[in-house]
Amino acid sequence: MTLQEYDYARESPSKLAASCLLLALTMKNLGGWTPTLEYYSGYSAQELHPLVKRLNFLLTYQPRDKLNAVRSKYSHRVFFEVAKVTPMDMLKLEETLTSS
């Protein structure tokens with residue numbers, strides 16, 4: 001989704017990937033940012049929090065009338081229908097990120 005948004009072009013690909021992983025772990029309640037993830041990514045959880053919030057906002061408030069190719073592709077069962085996963089409530093995400 002970020003490939004279609006100019007605002008994310010300034011983010012480093014590694015930070016974007018790490019933030020996406022942290023958001024996915026949080027959305028699926030699979031744990032938080034471990035010391036191993038911090039070591040290999042080079043990012044602490046606190047460094048990723050602002051970008052994680054922006055990513056969740058993108059998922060929550062994206063326009064549904066344009067650029068549907070990515071959404072359509074990732075709505076297929078081959079890709080585990082990840083485009084259909086409900087984004088986290090912004091307040092709940094904030095609580096989860098600050099508590100970990």
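How many aromatic pairs does the structure hold? The answer is three. Keep in mind that this is a predicted model. Here's a quick tour of two of those pairs, a helix packing and a charge over a ring.

**Two helices that pack**

- Two packed helices are described by the angle between their axes and by how far apart those axes are.
- Here, helix H1, covering residues 13-27, packs against helix H5, covering residues 90-99, at about 105°, and their axes are 11 Å apart.
- Angles of 65 to 115 degrees count as roughly perpendicular, so that's how H1 lies relative to H5.
- On the H1 side, the contact is made by Leu22, Leu23 and Thr26, while H5 brings in Leu93, Thr96 and Leu97.
- Sort the residues of this H1–H5 contact by type and you get four nonpolar, two polar and no charged.

**Aromatic pairs**

- Phe57 and Tyr61 make a tilted pair, with ring centres 4.7 Å apart and 45° between the planes.
- Phe57 is partly exposed, at a relative accessible area of 46%, whereas Tyr61 comes in at 54% and is exposed.
- Tyr74 and Phe79 form another tilted pair, at 4.8 Å centre to centre and with 55° between the planes.
- Tyr74 counts as partly exposed, with 31% relative accessibility, and Phe79 is partly exposed too, with a relative accessible area of 32%.

**A charge over a ring**

- Look at Tyr8 as well: the charged end of Arg54 sits over the Tyr8 ring, 4.6 Å from the ring's centre.

How values were computed
Residues are numbered from 1 along each chain as its sequence is written. This is a predicted model: local features need pLDDT of at least 70, side-chain atom pairs count only at pLDDT 80 or more; totals for chains, interfaces and linings use all residues. Side-chain values use heavy atoms; hydrogens and water are left out. Axes are lines fitted to C-alpha atoms, for helices over the stretch in contact, and angles run from 0 to 180 degrees between N-to-C directions. Helices (H or I, at least four residues) and strands (E, at least two) are DSSP runs, numbered from the N terminus. Angles under 35 degrees count as roughly parallel, over 145 as roughly antiparallel, 65 to 115 as roughly perpendicular and the rest as oblique. Contact means heavy atoms within 4.5 Å. Ala, Val, Leu, Ile, Met, Phe, Trp, Tyr, Cys and Pro count as nonpolar, Asp, Glu, Lys and Arg as charged, and the others, Gly among them, as polar. Rings of Phe, Tyr and Trp (its six-membered ring) pair if their centres lie within 6.5 Å; planes under 30 degrees apart count as stacked, over 60 as edge-to-face and the rest as tilted. Buried means under 20% relative accessible area, exposed over 50%, partly exposed in between (1.4 Å probe, protein chains only). A charge sits over a ring if NZ of Lys or CZ of Arg is within 6 Å of the ring centre and within 35 degrees of the ring normal.
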